[in-house]
Amino acid sequence: MNKYFIKRFIDEIRRRIPLDYFIGNGHSFPPVRIDIELTHNCNLKCEMCSFVPGQEINKYFSNEYRSYLEKISDYPTLKRWERFFNDVSRFYPTINLSGGEPLLHPKVFDIIKIIKRYRLILTMTTNGTLINDRIAEKIVSSKINGLVISIDGDQKIHNEIRGKNDSFDKALQGIELIKKYKKKLKSDMPRIVINSTISWKNFDDLSFAKKLFPQIMPYKWNFSHLFLGNGDYVKDDISKLYKDRNDIEALNKYYHKIDPDVLYKEIIKLKDSKFKRHISFLPELNRKNLKVFYEKPEIPLKKRCLYPYFSCVVQGDGSIITGLYYKIGSIDDNFPELWNSKEYKNFRTYLKKKLFSKCSRCCGLYE
């Protein structure tokens, strides 16, 4: 059993038995995963993405302020990244690089080199369209453990969602190039994982996964339900996170576009397919909860959130945030101290007492 599966096994035990959560003082054991949004720049304009300027969805769930803060700041230097990964390496967290589109970051492979020098498990989430021969060879030779590539439908639907007419073909081409260089370099890494976001554009036909599976042969194919919400980038007063939501009307506008009864039938078809053991859903919902998820998006389907005990997010400017964009520090801070700082422990303690008003459709609640 290699270290990748050993770590997954240990992490799963922590999730099932979250002793630090039950201790009750906000203290947390070391992080399981650190998500790094290297950049909010992207070469696509996905219809359900609230980072894209000018999108209709941006009127309601705008993350433009986060992007603005990144644009007026310089990217962290490699020296700052080196110090950060040296700090966190003692905890051995899985690192996930995402964006935006991480391959647009000018130093992405230098950062990957630093991460792998510390022997950390590394995954990267990409739309796959920028993967050419040169990039594919770099990805494979850098020993990235997992590569998550987004496919949201057949050619027509995927291109509509992603906002570019060649995005589907380029993503598939990128996957084939990764497979080509894995064979050429005799490597079993990275494992290819496909992620599909369920939206109003594709919920009524998920059969594209069954059609594409034999061609792609991914390690895993995950379907993510739609997560929307506009964290207000609260900096100081945690109690402000309990204020009444200002996005209920917008939540209903988008979630009600998805018919949960139709979606449930599509889910059952996938779970009955011959590829069922490779297919997963985030979150896994029965028929009753699926209806609540889309018909009453203001209602949370879980009573406790473990995300702040297991993970955090590093943004492109080096700031570190937790749930609902609450800022807790930066990569220049001493991470072991930051992880159990008074501020972060207060956040966990508040959240344990009662979920915040905008937790209901935050992805962190369901991980």
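Here a trainee and a mentor talk through rings, burial and cores in this predicted model.

Trainee: Why is the pair of tyrosine 21 and phenylalanine 22 called edge-to-face?

Mentor: Start with the distance: the ring centres are 5.5 Å apart, and rings pair if their centres lie within 6.5 Å. Then take the planes, which stand at 85°; over 60 degrees counts as edge-to-face, so the name fits. A search of the whole structure gives 25 aromatic pairs.

Trainee: How do you know whether tyrosine 21 is buried or exposed?

Mentor: Tyrosine 21 has a relative accessible area of 7%. Buried means under 20%, so tyrosine 21 is buried.

Trainee: And what makes phenylalanine 22 partly exposed?

Mentor: Phenylalanine 22 has 48% relative accessibility. Partly exposed runs between 20% and 50%, so phenylalanine 22 belongs there.

Trainee: What makes us say that arginine 348 lies over the face of tyrosine 309?

Mentor: Arginine 348 is at 5.7 Å from the ring centre of tyrosine 309, and the cut-off is within 6 Å. Lysine 253 is also placed over a ring face, that of tyrosine 254, at 5.7 Å from the ring centre.

Trainee: Which residues have the most contacts inside the largest nonpolar core?

Mentor: They are Ile36, Trp81, Phe84, Phe85, Trp221 and Phe223, in a core of 95 residues. Helix H8 (residues 167-184) gives this core its largest share, seven residues. Apart from it lies another core of five residues, including Tyr21 and Tyr309.

Trainee: Where else do Trp81, Phe84 and Phe85 turn up?

Mentor: Ring pairs link them into a cluster with other residues, among them Phe91, Tyr326 and Trp339.

Methods:
Residues are numbered from 1 along each chain as its sequence is written. This is a predicted model: local features need pLDDT of at least 70, side-chain atom pairs count only at pLDDT 80 or more; totals for chains, interfaces and linings use all residues. Side-chain values use heavy atoms; hydrogens and water are left out. Rings of Phe, Tyr and Trp (its six-membered ring) pair if their centres lie within 6.5 Å; planes under 30 degrees apart count as stacked, over 60 as edge-to-face and the rest as tilted. Buried means under 20% relative accessible area, exposed over 50%, partly exposed in between (1.4 Å probe, protein chains only). A charge sits over a ring if NZ of Lys or CZ of Arg is within 6 Å of the ring centre and within 35 degrees of the ring normal. A nonpolar core is a set of buried Ala, Val, Leu, Ile, Met, Phe, Trp, Tyr and Cys residues joined through side-chain atoms within 4.5 Å. Helices (H or I, at least four residues) and strands (E, at least two) are DSSP runs, numbered from the N terminus.
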